[in-house]
Amino acid sequence: MPMDDHAHAQVPVTEPPSTAAVQVRGLVKSFGSGETTVTVLKSIDLDVYFGELLLLVGESGGGKTTLLSAIAGILDIDAGTLDVLGASLTEMPPNARTRFRGQRMGFIFQQFNLLPSLTAAENVAIPLLIHGLQKKEALSRGRLMLERVGLGDRTEFLPRNLSGGQQQRVAVARALVNDPQLLVCDEPTAALDGPNGQKIMELIRDVGRAPDRCVIVVTHDSRVFQFGDRMAELTDGRIVGIHPIQKEAMA
Ligand SMILES: Nc1ncnc2c1ncn2[C@@H]1O[C@H](COP(=O)(O)OP(=O)(O)OP(=O)(O)O)[C@@H](O)[C@H]1O
């Protein structure tokens, strides 16, 4: 096989780079019922491509977290379709969706959500244990992942003995330990100071983004913008703009 063909063979045929990893069409989501119904997402269309880091920005209460939760399969939607990593989330039964999420997606939140009584390595190993890996193997992979995020010397520390930036690194390691193709991040830098926020975004960009995967980051933090490839603006439940990020303008 010629080298080029061989390189192609590494990428699954259904998921070549530059095609949509996430395809959202006509997504509608409301909360409440009767007179108190609030329609938070009003017919959203959005594509997120393999190989990109997409920023989702917009006014507070505009629906960013709701959209992220729908894409992550955490939230049922009222209308529309959601295709994620080649699968229709809208048609998937809840159990299959939970499994799919655990195997193919990673999550990073503003709050690090680490379990306080577990060491850093144990926290990172949790997704692997849930998927049935033996504890020894899970911990060993957890430690390796912590090395990748620069915490090889902190694997046996409890979260309370780590700085905020280090705790978020543990959370990033936990999100990536399953080798997810879609990484969703909700305000990942909000609880961090400037330098730690920069380091976390570098990590998310460098480890989470690759030709066969993609990252979506909800953020208010303008210092994060330089790490994005495109920015989608969500206001009052609608995507009001989506554009590439001019890196030169940021420098
Ligand atoms: N479970 C829920 N029940 C009722 N209303 C909800 C629920 N979740 C979100 N909302 C409402 O949906 C709207 C959008 O919320 P969402 O958290 O998606 O916005 P956001 O753009 O992420 O805001 P922020 O930037 O402040 O985090 C808000 O008005 C919120 O009150």
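In the predicted model, helix α4 (residues 120–130) packs against helix α6 (residues 164–176) at an angle of about 30 degrees, and the two axes are 7 Å apart. An angle under 35 degrees counts as roughly parallel, so α4 is roughly parallel to α6. The crossing of these two helices is right-handed. On the α4 side the contact is formed by Ala120, Asn123, Val124, Ile126 and Pro127, and on the α6 side by Val170, Ala173 and Arg174. Sorted by class, the residues of this contact comprise six nonpolar, one polar and one charged.

Helix α6 also packs against helix α7 (residues 194–208); here the axes come within 10 Å and cross at roughly 15 degrees. The pair α6 and α7 is therefore roughly parallel. The crossing of α6 with α7 is right-handed. From α6, the residues Gly164, Gly165, Gln168, Arg169, Val172 and Leu176 take part in the contact, where they meet Asn196, Lys199, Ile200, Leu203, Ile204, Val207 and Gly208 of α7. The contact of α6 with α7 contains six nonpolar, five polar and two charged residues.

An open sheet is built from six strands, arranged in the order β6-β7-β8-β3-β9-β10, with mixed pairing. Its edges are occupied by β6 (105–109) and β10 (238–244), each of which pairs on one side only. From one strand to the next the twist averages 15 degrees. Within the sheet, strand β7 (residues 182–186) runs parallel to strand β8 (residues 214–218), and five bridges join the two. Val184 is placed opposite Ile216 of β8.

Two helices that lie across strands of this sheet are α2 and α6. Helix α6 lies across β6 and β7, and runs at about 165 degrees to β6. Angles over 145 degrees count as roughly antiparallel, so α6 is roughly antiparallel to β6. Helix α2 (residues 64–71) lies across β3 (53–57), β7, β8 and β9 (230–235), with an angle of about 150 degrees to β8. By the cut-off of 145 degrees, α2 is therefore roughly antiparallel to β8.

Helix α2 also contributes to the surroundings of the ligand. The residues around the ligand are Phe31, Val40, Gly58, Ser60, Gly61, Gly62, Gly63, Lys64, Thr65 and Thr66. Of the elements represented in this shell, α2 gives the most, with three residues. By class, the shell consists of two nonpolar, seven polar and one charged residues.

A further set of pairings involves β1, β4 and β5. Strand β1 (residues 20–31) pairs with strand β4 (residues 79–84) in the antiparallel sense, over five bridges. In this pairing Val22 has Val84 of β4 as its bridge partner. Strand β4 also runs antiparallel to strand β5 (residues 87–88), to which two bridges join it. Here Val84 is opposite Ala87 of β5; Val84 is thus bridged to Val22 as well as to Ala87. β4 and β5 form a hairpin with two residues between the strands. In the turn of this hairpin, Leu85 has a positive phi of about 50 degrees.

Methods
Residues numbered from 1 in each chain as written. Predicted model: local features only at pLDDT ≥ 70, side-chain atom pairs only at ≥ 80, totals over all residues. Axes fitted to C-alpha atoms, helices over the stretch in contact; angles between N-to-C directions. Helix = DSSP H or I, 4+ residues; strand = E, 2+ residues; numbered from the N terminus. Parallel < 35°, antiparallel > 145°, perpendicular 65-115°, else oblique. Left-handed = near helix turned anticlockwise from the far one by under 90°. Contact = placed C-beta atoms within 7 Å. Nonpolar A, V, L, I, M, F, W, Y, C, P; charged D, E, K, R; others polar. Pairing = 2+ DSSP bridges. Near = placed C-beta within 6 Å.
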